Amino acid sequence: MATVEVSRVTKFFGSTQVLKDVTVSIDDGEFVVLVGPSGCGKSTLLRLIAGLENITAGTISIGGRVVNTVPPKDRDIAMVFQNYALYPHMTVFENMAFSLKLAGAPKQVMEEEVARAAKILGLGQLLHRYPRQLSGGQRQRVAMGRAIVRNPQVFLFDEPLSNLDAKLRVAMRAEIKELHQRLKVTTIYVTHDQIEAMTMADKIVVMNHGVVEQIGPPLELYDRPANLFVAGFIGSPAMNMFEGRIEDGVFRMEDGTAWPLPPNGSGARSAEVIYGIRPEHLRIDPAGIPAEVQVVEPTGSETQVVLRCGGTSMLGAFRERISARHGEILPVLPEVSFVHLFDRQSGRRI
């Protein structure tokens, strides 16, 4: 196991800058998720750590050793790719043992290491099958097993679940998290799915346009997003956001609709603000703000309702069953302790 230090890393592809002065510290044994929209630079950063791309500026250290010029095979890392990259003409055993075979390991060592990984991943009965005879989840386990047999200092996962169906993704993310808890190997995991990030990570790195927007534990990012981008990206369904001003101790939307402020809101320096409230932090209250029902979406565990208030659409997620119809008025109030305020110009949290 090892720490990973990314210090002021910049990456250009030709004249295009894809990473801008990125700094991330990853502790020994930590599970860190790099998350962000497509094109934000998260996979590029992972490939720089793996040594598959060259750094333009900055340093990357693994276990205290700067690895900027160290070849991938000498970095003591193992990478699991999105497409599994299994050899179709090799059995599960041969796929898992391939890296050890290349390293010249004795046959007994290969058998012992493959047996250990197969036991961890529940692949013992599949070692003589070929990839075409496996399900998607089993292929993913084989790819993980191939990484485990190397006993690396660091595991790197590049969107490993994106090719699986929704139900299998849920099962596999639990398996990967459990695997990490058992092996306690430093793990860096890339995904665009913020639910994967929230449920799996010890620490999340939110990226956007090659810049790190915020780093922290999942619930810290959910409860105290640093800016509008993190607030809108972390959390599902996404946070409702309204433009307006702070006047006379309330927040007023542009049409004059007044919303209550959190305890620290009235002292906000900027009168021009963005008011944020998550759908699950709205409640139906007879004394609430009238909102017109647009769409009702029952999910079973909750009812999601698309509402229109002051010409602005918003979403409410309510635990109770709601039978409202299109055009009806629902009075809603936010739980003020969960209201977020952001500076309208900079987007930073107030």
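In which loop is Pro237 found? In this predicted model, Pro237 belongs to the loop between α8 (228-233) and β11 (240-247). The peptide bond that leads from Ser236 into Pro237 is cis, with omega near 0°. This local feature is set below within a description of the whole chain.

The chain comprises 350 residues, of which 49% count as buried. Its secondary structure consists of 8 helices and 19 strands. Along the principal axes, the C-alpha trace spans about 75 × 45 × 35 Å. Contacts between residues at least 6 apart in sequence were also examined, and 67% of them join residues at least 24 apart. The area that the chain exposes is about 16400 Å², and carbon and sulfur atoms supply 50% of it. With regard to charge, 38 positive and 38 negative side chains are present. The centres of these two sets lie 7 Å apart.

Aromatic side chains were considered next. The structure contains 9 aromatic pairs. One of them is formed by Phe31 and Tyr189, whose ring centres are 5.9 Å apart and whose planes meet at 35°, a tilted arrangement. This pair links distant parts of the chain, as Phe31 lies in strand β3 (residues 31-35) and Tyr189 in strand β8 (residues 186-191), 158 residues apart. Phe31 counts as buried because its relative accessibility is 0%, and Tyr189 likewise counts as buried because its relative accessibility is 0%. A second tilted pair is made by Phe155 and Phe157, with 6.2 Å between the ring centres and an angle of 55° between the planes. These two phenylalanine residues, Phe155 and Phe157, are both buried. Together, Phe31, Phe155, Phe157 and Tyr189 make up one aromatic cluster.

Aromatic rings also take part in arrangements with positively charged side chains. Arg132 lies over the face of Tyr130, at 4.9 Å from the ring centre. In another case, Arg278 is placed over the face of Tyr222, at 4.1 Å from the ring centre.

Among the helices, α2 (residues 92-102) was examined for its buried residues. These are Val92, Asn95, Met96, Ala97, Ser99 and Leu100. The cover over the buried residues of α2 includes two further helices, α3 (107-121) and α4 (136-148). After α2 comes Gly104, which has a positive phi, near 80°.

Positive phi values also occur in residues other than glycine. Asp21, which lies in strand β2 (residues 16-26), has a phi near 55°. The relative accessible area of Asp21 is 40%, and this residue is therefore partly exposed, a class that falls between the buried limit of 20% and the exposed limit of 50%. His209 is a further residue of this kind, with a positive phi of about 50° although it is not a glycine. The position of His209 is in the loop between β9 (203-208) and β10 (211-216). Because its relative accessibility is 58%, His209 counts as exposed.

How values were computed: Residues numbered from 1 in each chain as written. Predicted model: local features only at pLDDT ≥ 70, side-chain atom pairs only at ≥ 80, totals over all residues. Heavy atoms only, no water. Helix = DSSP H or I, 4+ residues; strand = E, 2+ residues; numbered from the N terminus. Buried < 20%, exposed > 50% of the residue type's maximum accessible area, 1.4 Å probe, protein only. Contact = heavy atoms within 4.5 Å. Areas by Shrake-Rupley, 256 points an atom, 1.4 Å probe, with all protein chains shown as cover. Lys, Arg positive; Asp, Glu negative; His and termini not counted. Charge placed at Lys NZ, Arg CZ, Asp CG, Glu CD. Phe/Tyr/Trp six-rings, centres within 6.5 Å; stacked < 30°, edge-to-face > 60°. Lys NZ or Arg CZ within 6 Å of the ring centre and 35° of its normal.
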